[in-house]
Amino acid sequence: MKRQIRSSCASVVIVLFLSLVACSSSDSGTVTSGPAGTEVPDTSVPSESSLLAGSASASVLPTLDGTTDYLAQAPGWNAATIAPNDIGVYVKTFDQGSVDVGNGESDGSWVHDDIRATAIALDNNGERAILVGVDVYMIFSSDADEIERRAQVLLPADWQGVPIMINATHNHHGPDTAFSINDDWYSYMADVIAGVVADAVSDLQPAVARAATGVHRFGVSDGRDPIVFDPRLNVLALTSQSRAPIATVVQWNSHPETTLGWDPPDVPNLAAICVEKGWDADSCSADGRYFTADYPGVLRENLQSQGFGDILYLNGAVGSQIGPGDADVWKISDTHPVGNGWTAPEGAEPVLGCEDLRCRNLARTEAIGTQLSQAVIDLVSKAEPITVDKVEFTTQPFYTKLTNIGFRLLIGDGDLAWKPPMLYTCEPGQPESDATCASDDGVLEVDPVLTPLTDSEIRVGDVLKTRISFLDLGSVGFIFMPGELPPELVVGLPSDFDTNTSKYYLEGPGLHAEGVDYDIPGYLMSLVQRDVPFTVGLGTEEVGYWVLVSEYRLKCLEIALPAGTTCADLNARGIIEHVDSVGGLTCKKITDDPNASAAYTAADAAAVAAVCRYGQALGRELGEPQGHYEETNAAGWDLVEDLWNAATVLFGNQGSGRINPDNPGYTIQYPPN
């Protein structure tokens with residue numbers, strides 16, 4: 001992992017729109033202004049500005065005959081009328097071979113629009129940083145480190161060692177970068193990203209930056225209680241001092257998975273393609289076999305066509321299923337405007353090709369991306385200049401227990417990440433640190449349950465090391481959060497959360513920790529106050545979902561229990577809290593305290609320990625407890641606490657508690673009818 005890096009910079013000038021828009025029709029992102037090139041206020045640049053910025057972007061799609069020229073036949077997003085079911089140009093075989101779709105299926109074979117990497121280089125009097133965004137599923141820190149190594153080789157000598165922050169948009173329909181990786185393609189992508197970084201540095205020019213923050217809600221829902229949102233939209237627009245566009249950074253909070261699980265109808269020549277591909281009757285489908293950048297791709301094409309330069313999209317607090325899933329999406333018009341973004345106006349019409357407001361097709365994707373684009377244009381049009389007095393990059397590494405044994409299995413098999421993540425063994429009973437933890441050197445061991453089931457061994461190491469980072473531009477800051485944090489860990493719980501608890505729980509009683517029992521340690525935005533705080537999800541790392549330990553439920557499955565033991569009996573005797581699961585606090589207690597098992601008989605202690613060891617991994621494969629899917633894709637139950645402890649070190653304060661008095665919660669109808 002990276003060492004801590006600090007750099008201190010003199011004044012630079014950026015432009016900042018200070019006000020966080022209040023909850024009204026305008027804060028949903030509805031636009032009344034035109035392109036940035038004509039609407040940006042004509043404000044002179046202060047003479048002390050010393051900011052240089054450069055950008056570059058390139059496709060990371062797999063190639064055909066050495067190029068991506070086939071994109072000329074792809075529909076993309078700039079057509080006057082979207083073809084809602086057209087998944088794009090068919091490619092029989094890429095140069096790199098079969099490339100699977102992230103969170104999709106094997107053998108991606110259609111391309112709807114481009115998948116890109118974008119880099120922005122910043123230089124102020126020799127103090128430097130590079131931001132990178134890539135339209136892919138996830139980029140683990142072990143892979144980001146290798147991409148950075150390749151980029152450093154291409155940089156000028158005086159740029160060696162400059163921090164490069166590489167982030168995935170979490171696009172669920174890009175090439176797979178997590179589980180089923182085509183190594184040749186990933187190496188090609190790494191080289192492309194490295195080249196883009198070098199090109200961004202070569203593009204450096206005197207620059208002005210315009211930053212803005214607002215609220216945008218269209219096309220987003222929350223899939224797990226408690227219902228808490230972070231609807232902020234943040235923008236940093238970079239132009240030359242003569243206002244020629246350089247690049248624009250956009251950060252919002254929503255999973256790019258608009259057509260996840262959609263089976264495209266009427267795919268031309270599908271039967272013949274299935275024969276050509278060797279797909280049998282059960283797998284003869286285009287579902288999950290097409291590449292698209294999802295709504296960030298719509299955003300990019302729309303903004304580029306209106307003079308915003310290269311577009312770098314960063315995601316945010318998308319954990320606990322923040323995304324388009326249950327959102328109403330309608331055809332926007334003067335009669336049926338965006339309004340508050342959540343509640344469809346009476347008589348609102350479905351998007352093209354849909355019969356209701358929640359059906360899935362590419363017109364739904366286009367609608368979400370178009371309204372996000374308009375919200376960005378509106379924000380940039382209102383920015384005014386201020387002076388920023390520093391640029392500083394810091395990163396705080398931390399260790400955390402890998403309680404999800406499934407991660408150890410996947411890493412041991414080489415089925416997670418491109419470059420094997422480093423795992424550690426640590427001294428029992430001691431806080432994890434560089435002094436108490438050592439690399440497991442990739443050593444494997446037999447697991448008595450998983451090895452017979454999977455014919456695979458697991459990594460010996462049960463601790464991972466990750467990081468939280470901060471790029472500080474004074475009035476603007478970027479927090480890089482290593483995974484999919486839920487919004488409440490970023491913006492805090494709403495002011496009425498403890499007194500109006502039922503408002504935030506829609507799945508029914510008893511499924512989740514509620515009210516005061518939902519005891520998050522604090523929220524990141526209370527640790528560092530900036531006028532425009534970018535909070536970047538999957539920021540230089542991905543360690544899965546972040547679930548509070550008191551909210552954990554680990555699946556009880558008899559396949560993992562000692563012979564003769566049943567989950568029903570354990571629950572009936574009060575040994576486990578739920579008929580199908582054990583609570584996270586119980587698992588943490590018996591794992592952290594060797595004496596805690598003394599409260600049980602030897603047989604019961606063995607049964608509870610087995611549920612805690614295997615519940616996350618087997619729950620993923622055999623069915624998780626109701627309402628608790630995210631635990632199966634979480635690295636461990638200590639993540640929230642360990643991140644918070646690292647963040648308080650990074651920012652040098654303890655925050656202001658779990659409740660944010662400035663967070664009103666959702667003050668309009670939710671969920672939509």
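In which loop is the place of Thr540? In this predicted model, Thr540 sits in the loop between β23 (532–536) and β24 (553–555). The backbone there deserves a careful look, since phi of Thr540 is near 65°, a positive value in a residue other than glycine. With a relative accessible area of 5%, Thr540 falls below the 20% limit and therefore counts as buried. Once its neighbours within four places in sequence are left aside, the contacts of Thr540 are Ile139, Ser141, Ala144, Met165, Ile166, Asn167, Arg467 and Phe480.

A positive phi is also found at His170, where the angle is near 75°, again in a residue other than glycine. His170 belongs to the loop between β7 (164–168) and α3 (183–202), and its relative accessible area of 2% makes it buried. A further backbone feature occurs at the peptide bond from Asp225 to Pro226, which is cis, with omega near -5°; Pro226 itself is part of the loop between β9 (221–222) and β10 (232–240).

From these local features the description turns to the interior. The largest nonpolar core holds 97 residues, and the members that touch the most other members are Trp110, Leu233, Ile468, Leu524 and Trp546. Helix α6 (residues 362–380) supplies the largest share of this core, namely ten residues. A second core, separate from it, has 46 residues, including Tyr70, Ala117, Ile147 and Met189. The surroundings of Trp546 can be followed residue by residue: not counting residues up to four places away in sequence, Trp546 touches Phe398, Pro482, Gly483, Glu484, Leu485, Pro486, Leu489, Leu639, Val640 and Leu643.

The largest pocket has a volume of about 870 Å³. Its lining is made up of 29 residues, and those that lie nearest the centre of the pocket are Lys401, Glu432, Thr591, Asp592 and Asp638. Two or more lining residues come from each of β16 (392–401), α7 (405–413), α11 (584–592), α12 (602–622) and α13 (639–651), and the largest share, four residues, is that of α11. In character the lining of this pocket divides into 13 nonpolar, five polar and eleven charged residues.

Charged side chains also pair with one another elsewhere in the description, and the count of salt bridges comes to 32. In one of them the side chains of Arg300 and Asp135 meet at 2.6 Å, N to O. This pair links distant parts of the chain, with Arg300 in helix α5 (residues 295–305) and Asp135 in the loop between β6 (127–134) and α2 (141–154), 165 residues apart. Arg300 counts as buried because its relative accessibility is 5%, under the 20% limit, and Asp135, at 4% relative accessibility, counts as buried too.

A second salt bridge joins the side chains of Glu445 and Arg408 at 3.2 Å, N to O. Here strand β19 (residues 444–445), which holds Glu445, is linked to helix α7, which holds Arg408, and the two residues are 37 residues apart. The two partners fall into separate exposure classes, because Glu445 has a relative accessible area of 29% and is partly exposed, whereas Arg408 has a relative accessible area of 6% and is buried.

In a third pair, the side chains of Asp440 and Arg459 meet at 2.9 Å, N to O. Asp440 lies in the loop between β18 (437–439) and β19, while Arg459 lies in strand β20 (residues 458–459), 19 residues apart, and both Asp440 and Arg459 are buried. Beyond these pairs, Glu146, Arg149, Arg150 and Asp191 are linked in a network of salt bridges.

The last stop is Ile559, which is found in the loop between β24 and α10 (567–572). Is Ile559 buried or partly exposed? Its relative accessible area is 45%, a value between the limits of 20% and 50%, so Ile559 is partly exposed. Leaving aside its neighbours within four places in sequence, Ile559 makes contact with Leu453, Leu618 and Leu622. Ile559 can also be set against Pro350, from which it is 209 residues apart in sequence and 46 Å apart in space, C-alpha to C-alpha.

Technical notes:
Residues numbered from 1 in each chain as written. Predicted model: local features only at pLDDT ≥ 70, side-chain atom pairs only at ≥ 80, totals over all residues. Heavy atoms only, no water. Core = buried A, V, L, I, M, F, W, Y, C linked by side-chain atoms within 4.5 Å. Buried < 20%, exposed > 50% of the residue type's maximum accessible area, 1.4 Å probe, protein only. Contact = heavy atoms within 4.5 Å. 1 Å grid on protein atoms, 1.4 Å probe; cavity = no way out; pocket = protein on both sides within 12 Å on 5 of 7 lines; lining within 4 Å. Points joined across faces, edges and corners; volume = space filled by probe spheres on them. Nonpolar A, V, L, I, M, F, W, Y, C, P; charged D, E, K, R; others polar. Salt bridge = Lys/Arg side-chain N within 4 Å of Asp/Glu carboxyl O.
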